[in-house]
Amino acid sequence: MRAYGWTQCLVFLIRTGDLETDRLEELLSGEPGASAKEQRDFCGQLRRALQDVMDAFPARAVASDATSRAAATHAMCHLVRLAVCIDVSLEGRPGEDGEPGGGTFAALFTEFGRVRPSAWLPWGPVGLGGADWVRKLETLANPVLSRAVRQDLPVAAALRYDEWRRSIGEYARELFFRVPPAHPTAGSTGDEHDEGAGNAEGIALAALDRMLGGFREPAPYHSPLSESLAWAPARTLTQPLVAGVGDLAGPVIPDLAVGYVNPAFRTAVYSSRSSPHVDRWWDQQPLRDDLEAFLTWHFTSLDALTRPLLVHGHPGSGKSLLTRLLAARLPGADYLPIRVELRSVSAAASVRAQIEEAIAAQLGESPRWAEVVRGAPDRMPVVLLDGLDELLQAGGENWRYLEQVVAFQEREFLNRRPVAVLVTSRTVVADRVEIPRGCHMIRLEPFDEPRIARWLEIWNDANQQYFADERLRPLDTAAALQYSELACQPLLLLLLALYDSTGNGLARTRDRQVSGVELYERLIREFLIRQVHKGHRRDPGPSSTMVDAETEMRRLSVVALGMFNRGTQSVYAEAVEADGQVLLDEWEEWSDRDFGRFFFIHEAQAMVRGSARKTFEFLHATLGEYLVARSIWLALKETAEQRDCRRLYALMSFTPLVERSQVAENLAELLDATEQPLRGELPGLLDRLLRDALDGIRPGGKLGYEPRKLSGLTRLACYTANLVVIRTMVDAEVRVSALLRTRTPTEAWRRLTGLWESQLDAMSWDVMSRAISTERILAEDAPAKGESGTGADVVLRRSSQLPHQQARRDSVVRPVSVDNGLGLVRRAEFGRGLEDEQLLLAMGIALATFPEALGPEQVSGCRAAGVRALIDILLAGAARPVERLDAPGRLQRFLDCVGLLDELQEDLLAVFLPAVVRRLDREVRRLPLEHVPHLLLSLATQTARLSDRYEERYVLRRCLTHLREHASEDAEWLSKVKQTGAELDEIFLAGRPHLTGSRR
């Protein structure tokens, strides 16, 4: 497609607008002189010609259809920017004080060069003599403008231009009268807008009709089918936000026309560096709150006719509602909106065939696409493709679907049927589709506090009578904000409001502390009770209602478990069917029912070879994560009561609990709330299950639940890891000697963690090392002389540093955490301890943490000496000494190292201190004895900075014993050793440093 410059834009606007040409003809009748004054006069004439076109533009825009207006507005914006540039150029006076500013204008001038043409409005001949005008303008004006805008202008002029550029949107709005705001400059994304342009409290895109419509009388339809298609979407404005939720006796669900609060959004233009599937990338993009203004800009630009607008968002963010609103709000005089649910059309069909299929489903007839467009003259078709993520689930070549959309737009463009396209998709699958470069993208943002408050105001207004009849208080913002992670999603905010509509349940949670799991239980159960009542003509009674609600809860749990144990964020319907047949006895009678009636489950669908393939996904992951934790808790309870662990093994042998931190947190809360006697039985039960599993004792018979193929050894590793994680939830401290009933706990722990490391993937193994903290201590019942075993034990504690993890197998690109080396040592310490070759890993951390150690000639002073000393100690600990030192040299190395430890934060100190203390234990006899007490007290001070470092304290006291044994007959020396021991005890008891010069 050929590109055109400002000269074609000017001639196009004059010719197609039937404007007077006297000023332009006068401009082209002669040639500009060489003097600066003559060239300035020429620029002034050109500026007046531009002003004539600008003054006539409002009337021309009102008389144009939407397609012609888009082309003319696009061209006019280039002329507006050129006019601004000429104005500033004429005001500048070279030679004034100030730095040159010409570079700004030179760069700006190059932006004028290219604008896409309007193929249906000829840019070439544009009337008699039009081509000659273009050639003359290029010959005469371009050299003059080039010199004018490239000359060095004073700073004052540059600042004036910057002010104009910032307000160019307002400048163009005044010029265009009722035409929407000016387009952004070339290369921008349309983010330069007035802060006042947005409407943070806008409702249901109500301003869109005012911004886009009312320019002219609509042309009559040539086809009844096209007219029906155009008017049908308006009926959706009176439909409730969510269908199938409300009932005559319950609260009122607001209509779409009043209940949709315009969300904030972020904008971007796709390039090779874009990562639209990553939330962190989106968080760096410009945030806007003027959705109506942005959509107005888009649908009056030529960009809309050559590339689709991509709308991303998480489930429940309102993407489908946005397409329904757009179909209803776009002015019928200028636009022909056609909404296509991609889940309901053939996934393998062409874009045109999918549109025709959607039209046939809506109208009951099967017109051809070209007939529909011709039946609505002077109207721009706008195709709204809702649910690209659902189409991607069908596989095949759908990863190239957006390229097919672009090809469809280009073909229609050349056939003089230009069409705008909008496509919605979940954010997480954006890496599964090829996105054409240059596509404009937005992501719908979660509700902020003002939008939550605005939505609740709408909810309370709609339900005034219901609240009065039921003697309920309106739901206030403070009550909803207690659970902001749910309230920020529009559909889940509705779920909170529905829950509060039964006895003000949400408001009552402020009167006492309600745990997260208790809230999720109430939210889901109350909704299910409501659904149970709707499914019966008569009230089934409280007991029957609760039984039915529990049955529904377990069925929903099958969906949640299917996602969790497959490591995905969605699950296919056939997989749910297979799982349900195994996990639930009563599944068969319910297998054909539709999960879509639970509005907090997103049901996606794609048509493959004439049949629907469905997938399910929770609108918010926390609901599914709660149901997973609840299912495992119920399986534990069943195991304790029936001594049958088949269900527990089936549910916990495919995915480590710690892969989803919220599942682990929810399960911990459920265990904390477990009442006696079950609570007291859990430690012994978990210990027995773990030992049985390691001894090869399998559950009696197979349950048949197999969400994915794993080897028996991998399932054993996953199951035992989950049992240990749950064991640390039940008791604050767990000793391996008791857990595994072994006299060699360190060796047993090493073998168990070796199983996990060998069978779990790298990410799961890393998260396990974060989820459980380990500490090696002296065993209380150390083996007697002659007995096998060691004197050490391993204490396990549940860590509070577990990172939040999302499902990882649902995306082509896996998130990989950045590991600066601390993770290497943490994992080594978790499984085996920092000994021998593992010290080399710690050395690697030292090099990564202190890069100056790689170039000693570049650093000096105590810090550099400490770095080198630390590395020497780590190397020596690996039995690879780098140099031989005498006693004073060894002492100095330890002192330099202690000086460095004093500067470290606690996380790094916890890595390096054990290695230094253990090395001191080996070398204490080879140091100058008179200086060792000071060294011991210095290391004790660093140990006191860390909590529960019993092993280091024991080693330091053992070093003190070596000193006592070395000079047992020297009274003065023994006195000093005794005093040092007392100071050690004082430091350890106080838990704070006592030495002058140490960190306080």
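Me: A salt bridge is a side-chain nitrogen of Lys or Arg within 4 Å of a carboxyl oxygen of Asp or Glu. Which residue does the side chain of Arg443 meet in a salt bridge?

Reply: This is a predicted model, in which local features need pLDDT of at least 70, side-chain atom pairs count only at pLDDT 80 or more, and totals for chains, interfaces and linings use all residues. Residues are numbered from 1 along each chain as its sequence is written, and side-chain values use heavy atoms, leaving out hydrogens and water. Arg443 is linked in a network of salt bridges that includes Arg266, Asp279 and Asp283. At 2.6 Å, N to O, the partner of Arg443 is Glu445.

Me: Are Glu923 and Arg919 buried or exposed?

Reply: These two side chains meet in a salt bridge of 2.9 Å, N to O. Both residues lie in helix H40 (residues 906–923), four residues apart, about one turn of the helix; helices (H or I, at least four residues) and strands (E, at least two) are DSSP runs, numbered from the N terminus. Buried means under 20% relative accessible area, exposed over 50% and partly exposed in between (1.4 Å probe, protein chains only). Glu923 and Arg919 are both buried.

Me: Which residue forms a salt bridge with Glu403, and is Glu403 buried or partly exposed?

Reply: The partner is Arg400, with the closest N and O atoms 3.0 Å apart. Arg400 has 38% relative accessibility, so Arg400 counts as partly exposed. Glu403 has 31%, so Glu403 too counts as partly exposed.

Me: Which helix gives the most to the largest nonpolar core?

Reply: A nonpolar core is a set of buried Ala, Val, Leu, Ile, Met, Phe, Trp, Tyr and Cys residues joined through side-chain atoms within 4.5 Å. The largest one has 152 residues, and those with the most contacts inside it include Tyr719 and Ile726. Leaving aside neighbours within four places in sequence, Ile726 is in contact (heavy atoms within 4.5 Å) with residues including Ile632, Met652 and Leu686. The helix giving the most, with 10 residues, is H32 (residues 712–730).

Me: Which strands stand at the edges of the sheet of seven strands?

Reply: The sheet is open, with mixed pairing, and its order is S2-S1-S7-S3-S6-S5-S4; two strands pair if DSSP finds at least two bridges between them. S1 (residues 265–269) pairs with S2 in the antiparallel sense over two bridges, and Phe265 stands opposite Arg288. Each edge strand has a single partner, so one side of each is left without a neighbour in the sheet; these strands are S2 (287–288) and S4 (335–341).
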